[in-house]
Amino acid sequence: MAGMDIEILNGSSPQLDQIKKLWRANAATLGFFPEGAFREYASKRCILIANDSLGSLAGYLLFRKTGERLAIVHLCVGVDHQRRGVAKALLDALLAVSNSFQGITLSCRRDFSASNLWPKLGFVAIQEKPGRGIKNTILTNWWLDRGTPNLFSLPEHLDT
């Protein structure tokens, strides 16, 4: 998306209110999230935001660090900015700061339209399990490998 600016939010950013407003509008698919959690994630520098050329919030990506992995908690794009590359730009920004991590994981209900987005962004479904709700939904766990060597990686000269 031309003219888009992506940055890592800090804990005192005035854009936290805009993020919360966008979350509330999409809470049916993003789920419950405590009010103070946004400020906590921002203070840990774990919220990426995309602003359009007018400085308005186009979307955000909220993530956490869990050991050697990053986990996407929310990836939310405003209705007026969907299908314009905002989600990919936010993921690309996360990839740019995730070099030391093995990969990125996330969970998404199979019946949500966002479930179609993850393979397009390079994620692979690795597990499915029942959701916690009463609707008998299926939750898919997705993984995007960063290619970082781990304990089970073989050096190239041994991989023959």
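This report describes the strand sheet, the helices packed on it and the aromatic contacts of a predicted model.

## The sheet

Seven strands form an open sheet with mixed pairing, and their order is E1-E2-E3-E4-E5-E7-E6. The edges are taken by strand E1 (5-8) and strand E6 (124-130), each of which has a single partner strand, so one side of each is left without a neighbour in the sheet. From one strand to the next, the twist averages 25°.

Strand E7 (residues 138-145) pairs with E6 in the antiparallel sense over six bridges, and within E7 it is Thr 140 that serves as the bridge partner of Glu 128.

## Helices on the sheet

Helix H3 (residues 35-43) packs on the sheet, where it touches strand E2 (47-51), strand E3 (57-66) and strand E4 (69-77), and its direction makes about 75° with that of E3. Helix H4 also packs on the sheet, touching E1, E2, E3, E4, strand E5 (103-109) and E7, with its direction at about 35° to that of E3.

H4 (residues 86-96) is mostly covered, since eight of its 11 residues are buried; among them are Val 86, Leu 90, Leu 91, Leu 94 and Leu 95.

## Aromatic and charged contacts

The model contains five aromatic pairs. In one of them, the ring centres of Phe 33 and Tyr 41 lie 5.7 Å apart with their planes at 50°, so this pair is tilted. Both Phe 33 and Tyr 41 are buried, and they belong to one aromatic cluster together with Trp 23, Phe 38 and Tyr 60.

A charge-over-ring contact is formed by Arg 69, whose charged end sits over the ring of Trp 143 at 4.4 Å from its centre.

Conventions:
Residues numbered from 1 in each chain as written. Predicted model: local features only at pLDDT ≥ 70, side-chain atom pairs only at ≥ 80, totals over all residues. Heavy atoms only, no water. Phe/Tyr/Trp six-rings, centres within 6.5 Å; stacked < 30°, edge-to-face > 60°. Buried < 20%, exposed > 50% of the residue type's maximum accessible area, 1.4 Å probe, protein only. Lys NZ or Arg CZ within 6 Å of the ring centre and 35° of its normal. Helix = DSSP H or I, 4+ residues; strand = E, 2+ residues; numbered from the N terminus. Pairing = 2+ DSSP bridges. Axes fitted to C-alpha atoms, helices over the stretch in contact; angles between N-to-C directions. Contact = heavy atoms within 4.5 Å.
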